[in-house]
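Hi,

Here is the structure I promised to pass on. Have a look at it, then read my notes below.

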Amino acid sequence: MENLVPKRIREIRRILKTSQEEFSLDLDIKKCTLGSYEEGRAKVPIELIVKVMELYGLPMEDMFDFIFDPKYKL
């Protein structure tokens, strides 16, 4: 099964209408690292997932609920 967390990270960034550069600065990571996460070339560390959700005031379940919902579409 495909890992959907990278797509969800990208989707959150796009919903927030922020660039990869701005988002990576907020998260204190390199832009190329963020690109690797969004493209699924690198695994997204749980610490970064927590940081994203806390930084933007999003409930943690928003990152994972959709994975098990067959009606969810990216």
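A quick definition to start: "buried" means under 20% relative accessible area, "exposed" means over 50%, and "partly exposed" is in between (1.4 Å probe, protein chains only). This is a predicted model, so local features need pLDDT of at least 70, side-chain atom pairs count only at pLDDT 80 or more, and totals for chains, interfaces and linings use all residues. Residues are numbered from 1 along each chain as its sequence is written, and side-chain values use heavy atoms, with hydrogens and water left out.

Let's begin with α3 (helices are DSSP runs of H or I, at least four residues, numbered from the N terminus). Its buried residues are L34, G35, S36, Y37 and E38. They pack against α1, α2 and α4, where contact means heavy atoms within 4.5 Å. Just after α3, G40 has a positive phi of about 75°.

Now the α1 and α3 pair. In α1, P6, I9, R10 and R13 meet L34, Y37 and E38 of α3. That contact has 4 nonpolar, no polar and 3 charged residues. (Ala, Val, Leu, Ile, Met, Phe, Trp, Tyr, Cys and Pro count as nonpolar, Asp, Glu, Lys and Arg as charged, and the others, Gly among them, as polar.)

The other pair is α2 and α4. Here F23, D26 and L27 from α2 meet L48, K51, V52 and L55 from α4. By class, this contact holds 5 nonpolar, no polar and 2 charged residues.

Cheers

Note on methods. Helix = DSSP H or I, 4+ residues; strand = E, 2+ residues; numbered from the N terminus.
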